[in-house]
Amino acid sequence: MTHRPTDKDAAVTVRAEDGVDEETLGYARSTVDAVLARPGLPAVTGEVRIAKAAAPHVERPWSATANLRVGRAVVVVHAREATGREVADRLRDRMRRQVDQAAHGGRATGGPVAPPWRGGRTAG
């Protein structure tokens with residue numbers, strides 16, 4: 001199991017295990033950059049790993065794992081798919097959702113919501 005570092009000076013490195021071609025690695029790097037290079041995010045550090053299973057009988061041989069620190073929050077994202085592009089796309093979608101939650105303190109709305117019996121909003 002050999003790892004090839006791809007972004008030595010980046011805050012988030014994208015690493016590939018043997019069996020991952022340069023085109024897939026480049027696509028994965030661009031999807032990670034699209035999620036993390038957005039304005040308004042706190043400092044993000046960590047690592048993303050892309051791998052392809054060597055066994056030919058595996059249904060979804062491509063896997064990706066992101067271990068990130070977004071500000072003070074830790075974000076771990078996993079994805080498994082049939083092709084390298086699909087795993088990069090799945091990882092991008094899951095990373096975007098979890099990084100946004102971490103950046104906003106786990107709140108999608110951006111602020112605390114009081115329960116209805118304390119004067120908060122009601123559904124409907």
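In this predicted model, Arg-15 and Glu-47 form a salt bridge. Their closest N and O atoms are 2.3 Å apart. The pair links distant parts of the chain. Arg-15 belongs to strand β2, Glu-47 belongs to strand β3, and 32 residues separate them. The two partners differ in exposure. Arg-15 has a relative accessibility of 22% and counts as partly exposed. Glu-47 has a value of 18% and therefore counts as buried, since buried means under 20%.

Glu-47 has further partners. Its side chain makes a polar contact of 2.7 Å with the side chain of Arg-49. Neighbours within four places in sequence aside, Glu-47 is in contact with Val-12, Thr-13, Arg-15, Thr-65, Ala-66, Asn-67 and Leu-68. Val-76 lies 29 residues from Glu-47 in sequence. In space, the C-alpha atoms of Glu-47 and Val-76 are 9.9 Å apart.

Salt bridges were then searched for in the whole structure, and 6 were found. Side chains of opposite charge can pair when their charged atoms come close. One of the salt bridges joins Arg-90 and Glu-81, at 2.8 Å from N to O. Arg-90 is partly exposed, with a relative accessibility of 37%. Glu-81 is buried, at 12%. Another salt bridge joins Asp-89 to Arg-92, with 3.2 Å between the closest N and O atoms. Both of these residues sit in helix α2, and because they are 3 residues apart there, about one helical turn separates them. Asp-89 is partly exposed at 23% relative accessibility. Arg-92 is partly exposed at 24%. Shared partners also build a network: salt bridges join Arg-15, Glu-47 and Arg-49 into one.

Helix α2 itself was examined next. The helix covers residues 84-103, which makes 20 residues. From its first C-alpha to its last, α2 reaches 28 Å. That span is close to the 28 Å expected at 1.5 Å a residue. The buried residues of α2 include Gly-84, Val-87, Ala-88 and Leu-91. Met-95, Val-99 and Ala-102 are buried too. These residues cover an arc of only 90° around the axis, so they lie on the same side of α2. Several elements help to cover them, including α1 (22-36), β3 (44-52), β4 (62-70) and β5 (73-81). After α2 comes Gly-105, which has a positive phi, near 70°.

The nonpolar interior completes the picture. In soluble globular proteins, nonpolar side chains tend to be buried together. Here, the largest nonpolar core has 28 residues. Leu-36, Val-48, Leu-68, Leu-91 and Met-95 have the most contacts inside this core. At least two residues of the core come from each of β2 (12-17), α1, β3, β4, β5 and α2. Met-95 shows how such contacts reach along the chain. Residues up to four places away in sequence are not counted here, and Met-95 still touches Val-32, Val-35 and Leu-36. Ala-66, Leu-68 and Val-77 are also touched by Met-95, as is Asp-100. Two of the residues named above recur in this core: Leu-91 and Met-95 are buried in α2, and both are among the core residues with the most contacts.

Notes. Residues are numbered from 1 along each chain as its sequence is written. This is a predicted model: local features need pLDDT of at least 70, side-chain atom pairs count only at pLDDT 80 or more; totals for chains, interfaces and linings use all residues. Side-chain values use heavy atoms; hydrogens and water are left out. Helices (H or I, at least four residues) and strands (E, at least two) are DSSP runs, numbered from the N terminus. The expected span of a helix is 1.5 Å times one less than its number of residues. Buried means under 20% relative accessible area, exposed over 50%, partly exposed in between (1.4 Å probe, protein chains only). The arc is that of the directions from the helix axis to the C-beta atoms. Contact means heavy atoms within 4.5 Å. A nonpolar core is a set of buried Ala, Val, Leu, Ile, Met, Phe, Trp, Tyr and Cys residues joined through side-chain atoms within 4.5 Å. A polar contact is a pair of N or O atoms within 3.5 Å; within protein, one must be able to donate a hydrogen and the other to accept it, and residues adjacent in sequence count only if both atoms are side-chain atoms. A salt bridge is a side-chain nitrogen of Lys or Arg within 4 Å of a carboxyl oxygen of Asp or Glu.
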